[in-house]
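Good morning, colleagues. Please look at the structure on the screen while I describe three parts of it in turn.

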Amino acid sequence: MTHQVLARKWRPRTFQEMVGQEHILRMLTHALDSQRLHHAYLFTGTRGVGKTTLGRILAKCLNCETGITSTPCNTCSICKAIDAGNCLDLIEVDAASRTKVEDTRELLDNVQYAPTQGRYKIYLIDEVHMLSNHSFNALLKTLEEPPAHVKFLLATTDPKRLPITILSRCLQFNLRHVPIEKITQHLAHICTTENIVFEIAALQSLAQAADGSMRDALSLLDQAIAFCAGNVKSTETRMMLGCMDQDVIFHLLDALAKSNGSQLLTEITELAQHGPDFNQVLEDVLSTLHQISIAQIVPDARAYSEQIQQFAKTFSAEDIQLYYQIGLIGRRDLPFAPSAHQGFEMMMLRMLAFHPVVAPQTQNTVSAAPSQAAPVASAPLTWTEILSKLPLSGMALALASHCALTRLSDHKIELSLEAKHESLLNKKLVERIEQALIQHLNKSIQLEIKITKTELNTPAQQQGEKQAKRHADATTLIQNNPQVQKIMDVFEATLDPNSITAV
Ligand SMILES: Nc1ncnc2c1ncn2[C@@H]1O[C@H](COP(=O)(O)OP(=O)(O)OP(=O)(O)O)[C@@H](O)[C@H]1O
Ligand SMILES: [Mg+2]
Ligand SMILES: [Zn+2]
């Protein structure tokens, strides 16, 4: 038996076998079951997401001998002929190779003749955006008044290149990129059925590299099976894809988790001996951080490796966010470093040195400080925002409003209070704010309020500034009002700003 590539062998033959695209399948199933059919369908979407496949299944749905159905029998002669690619009533055209108007005319000349065997004569025109303008015009004429026995199924990766006149005559379905976890599951299913041994992490790498295209994923799987001699392992697969073995990335992150600078430098030096593409290594670090972040938010959503799950517990969400940010900036700046190795090392050291703590709200730049030194860094969440969500009132609210957030770690929040408001501070109120935070954040938190002599940008102060601005705006508005000016002129009056209340 000749070897068949997986993408062909595993072309879905029914709607149920399609992966993803549920939104389209639901609409098509409904339309078919209620016999509400359109004469022209347009399938759009990136390469290898199922446009042609969907067209062929729909052709079976329309022509199956059991009747128009969303579940074609796949056993009647028409279904079989369509699957085998030799059904006379399904005319498949690759527009990319038949762009000329003569081609289109020749094709459409036959439109008037009834189907030979099936219910409908179906034209499946792939890459329809490649047609010439004359061809579009010829097609348009038929699309405007198609014979009742004709259906058009158009497919394109580039719908923007279609004339609006064509678009408006078609029922358009946008196929989406297939999500990584769905591709991974599908690859796992195929490997299991084909008796191919695999590591799930290997399939994840393939799915990620496929970038939403199922066909690309299947082609990569074919390659991986050959490359790994039938046992699809993560290390080999990543090597094949030109990525680092993820273990290397894990070692780097492990050093970060332990705040162990010398381990981190040793790992990087060892890595450098293999002459890697540090841009790629950095990309891999970012992807791994992304995986950890997802695992933190939805622990069961994806079958991530144990190591990823472990890191998800070790690092705080803020750590991962900050590392990702540092990594992104590092990637941007890598070309400017004297060497990629050095740039990468500096970027990793920055991750090691900086812990995400929240800055006083006066600072809105991302900066950071060594972990053992004083606080301060980016403020992904401001105290004003948190406060607005806390169920506080009265004195507790007054106290909290005069505070600024100076430190935020997993289980501790530190607020600062200007010395001039010290009289507001008492243990009971601190406890009330602490309770509200525990309730809001849904985890145990210890709150500490410190007195400071420095000036702070607190919610109360922001509120005051806002109010002052509103008052100033209202005063200007009234002062410039012609009626008011007239009254002031006539009565030689002046405006008392204190009498103006801005709401
Ligand atoms: N949604 C999907 N579910 C399952 N397999 C799919 C899906 N999409 C694509 N495939 C696989 O990829 C192969 C190619 O799919 P198809 O020819 O339908 O892609 P396409 O969107 O028409 O791509 P192109 O834009 O390159 O023409 C199929 O034979 C099948 O193995
Ligand atoms: Mg196609
Ligand atoms: Zn059938």
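Let me begin with the metal site, noting that this is a predicted model. The zinc ion (ligand 3) is held by four sulfur donors, the SG atoms of Cys64, Cys73, Cys76 and Cys79, at 2.3 to 2.4 Å. Along the chain these donors follow the spacing C-x8-C-x2-C-x2-C. What geometry does the site of the zinc ion have? The angles among the four donor atoms run from 100 to 120 degrees, and the site is tetrahedral.

Are Cys76 and Cys79 buried or exposed? Buried means under 20% relative accessible area. Cys76 has 9% relative accessibility, so Cys76 counts as buried. Cys79, at 0%, therefore counts as buried too.

I turn next to helix α8, residues 180–193. At 1.5 Å a residue, its 14 residues should span 20 Å, and the end C-alpha atoms are indeed 20 Å apart, which agrees. The buried residues of α8 are Ile183, Thr184, His186, Leu187, Ala188, Ile190 and Cys191. Among the elements that cover them are α1, β6, α9 and α10. After α8 comes Asn195, with a positive phi near 60 degrees.

Finally, consider ligand 1. It is surrounded by 18 residues, of which Ala7, Lys51, Thr52, Thr53 and Arg215 are the closest. Three side chains place a polar atom beside an oxygen atom of ligand 1: that of Arg215 lies at 2.2 Å, that of Thr53 at 2.4 Å, and that of Arg11 at 3.3 Å.

Thank you for your attention.

Definitions and conventions: Residues numbered from 1 in each chain as written. Chains lettered and ligands numbered in written order. Predicted model: local features only at pLDDT ≥ 70, side-chain atom pairs only at ≥ 80, totals over all residues. Heavy atoms only, no water. Donors = N, O, S within 2.8 Å, 3.2 Å for Na, K, Ca; no water. Tetrahedral: all angles 85-135°; square planar, octahedral: opposite > 155°, others 65-115°. Buried < 20%, exposed > 50% of the residue type's maximum accessible area, 1.4 Å probe, protein only. Helix = DSSP H or I, 4+ residues; strand = E, 2+ residues; numbered from the N terminus. Expected span 1.5 Å × (residues − 1). Contact = heavy atoms within 4.5 Å. Near = heavy atom within 4 Å. Polar contact = N/O pair within 3.5 Å; in protein donor to acceptor, adjacent residues only side chain to side chain.
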